[in-house]
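Work through the following exercises with the sequence and the model at hand. Each task is followed by a solution in steps.

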Amino acid sequence: MENHNKKNNTFIHAEGVIDKQAVETLFAELDKNIYYTFNFSNATTINFAAMRSILNHRKAGYRFCLINVNDDIAEKLEDTGVASLINMCRRPKPLDISKYQEFGGSFLSKSFNSTDGDSMLKLYGPNVPKQMVAQEKSVAKAVMLFGIPTPLVGTLYEDGDMTALDFERIEGKKSFSRIIANEPDRLEEITIRFARMCKQLHSTPCDTNIFADRSVTYRQAIINLKEFNDEEKEQMLEFLNSVPAKTTCLHGDCQMSNVITNGETDLWIDLADFGYGNPMFDMGMWYFLTQLNSEENMIKIFNFGKETCDKIWPIFIREYFDANTPEQQAEVNREIEQFAALHMAYLSSVYFSFPFMIEYIRKKLLK
């Protein structure tokens, strides 16, 4: 197995025959606190000794998933029962887009319904790394098995430089944000439902042997920031270290567009960043999207703009934090602002960086 600078890289390639020595060498350099993705695109086969070693490391507390697994390896993992104890995703199959009809989309993907009405296809653009889509499939499956309400995830497909995931189609579904956009008189009702879903998720103990620790993710992001010097990074890490550790569930992309409902059941979607940690990590992300984002981005994400977001936010914090007075809400906002800055640091390190984000991070996290 090949990986350059393993300690700072959570995405690791496996090649050729996977035997016990390859597995032992791989895990010898890894950190139990970090969640790893093993890419099996170039792995040809695996033997019993390697599978036993993988199981032993899983029992020892290492957290990982296998993606792009070929049929031969997948069948061996399934036949032995190993696949039932680890997160595994088979390699993509060719996509026949003629079997689907486009109906919507978002920043990073387009949505299609199958012509037989059974499934919904999420087609990611070429700017989304294929390994991230495979990891989303693996995590979405694990979340469903864990008991969090979410649509079933199916086959991983590939079409040139684009990747797609097949999901269970929820007949008559709408996102919470779409409902508010189309039926503004339901804004308070939907906001309260969303806040209660968040509270329930954030009070659910997570399986720390399967899912990633969000604080570790933020720590790695801060260390890799290019816009800040070592002293500034130390200040950010000091704040992160002061956050009380929690092992309850986090969505990772906690916002209204990521809850859908058919009127009877409310379901979480877009679970690629699901993990565990302090609920304020999710709150910082939600605050960033509704209070600090541009009008253009708000409309793209929610189908409504700042005016509506400003109505949603006080209702949400009233319901989620029991903050009923202006003074209580102002105190909640002051605390969340630091977590919004922390989320901006993560975005700046991993995805994109804008001057206003760097300025906000300096204002809220640096002394």
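A residue is called buried when its relative accessible area is under 20%, exposed when that area is over 50%, and partly exposed in between. The model examined here is predicted.

**Exercise 1.** Determine whether C206 is buried or exposed, and establish how many disulfides the structure contains.

Solution.
1. C206 has a relative accessible area of 11%, so this residue is buried.
2. A disulfide requires two cysteine sulfur atoms within 2.5 Å.
3. For C206, the nearest cysteine sulfur belongs to C249 and lies 3.9 Å away, and C206 is in no disulfide.
4. For C309, the nearest cysteine sulfur is that of C254, at 14 Å, and C309 is likewise in no disulfide.
5. C309 is also buried, with a relative accessibility of 0%.
6. Searching the whole structure yields zero disulfides.

**Exercise 2.** Characterise the second largest pocket by its volume, its lining residues and their classes.

Solution.
1. The volume of this pocket is about 170 Å³.
2. Its lining consists of R58, A83, S84, L85, I86, N87, K141, A142, L145, F146 and I210.
3. Helix α4 (residues 130–146) supplies the largest share of that lining, four residues.
4. Sorted by class, seven lining residues are nonpolar, two are polar and two are charged.

**Exercise 3.** State the mean pLDDT of the protein chain, and report where the pLDDT is below 50.

Solution.
1. The chain has a mean pLDDT of 92, with 98% of its residues at 70 or more.
2. Residues 1–8 have pLDDT below 50; in the model, this stretch makes 22 contacts beyond near neighbours in sequence.

Notes:
Residues numbered from 1 in each chain as written. Predicted model: local features only at pLDDT ≥ 70, side-chain atom pairs only at ≥ 80, totals over all residues. Heavy atoms only, no water. 1 Å grid on protein atoms, 1.4 Å probe; cavity = no way out; pocket = protein on both sides within 12 Å on 5 of 7 lines; lining within 4 Å. Points joined across faces, edges and corners; volume = space filled by probe spheres on them. Helix = DSSP H or I, 4+ residues; strand = E, 2+ residues; numbered from the N terminus. Nonpolar A, V, L, I, M, F, W, Y, C, P; charged D, E, K, R; others polar. Buried < 20%, exposed > 50% of the residue type's maximum accessible area, 1.4 Å probe, protein only. pLDDT = per-residue confidence, 0-100. Contact = heavy atoms within 4.5 Å.
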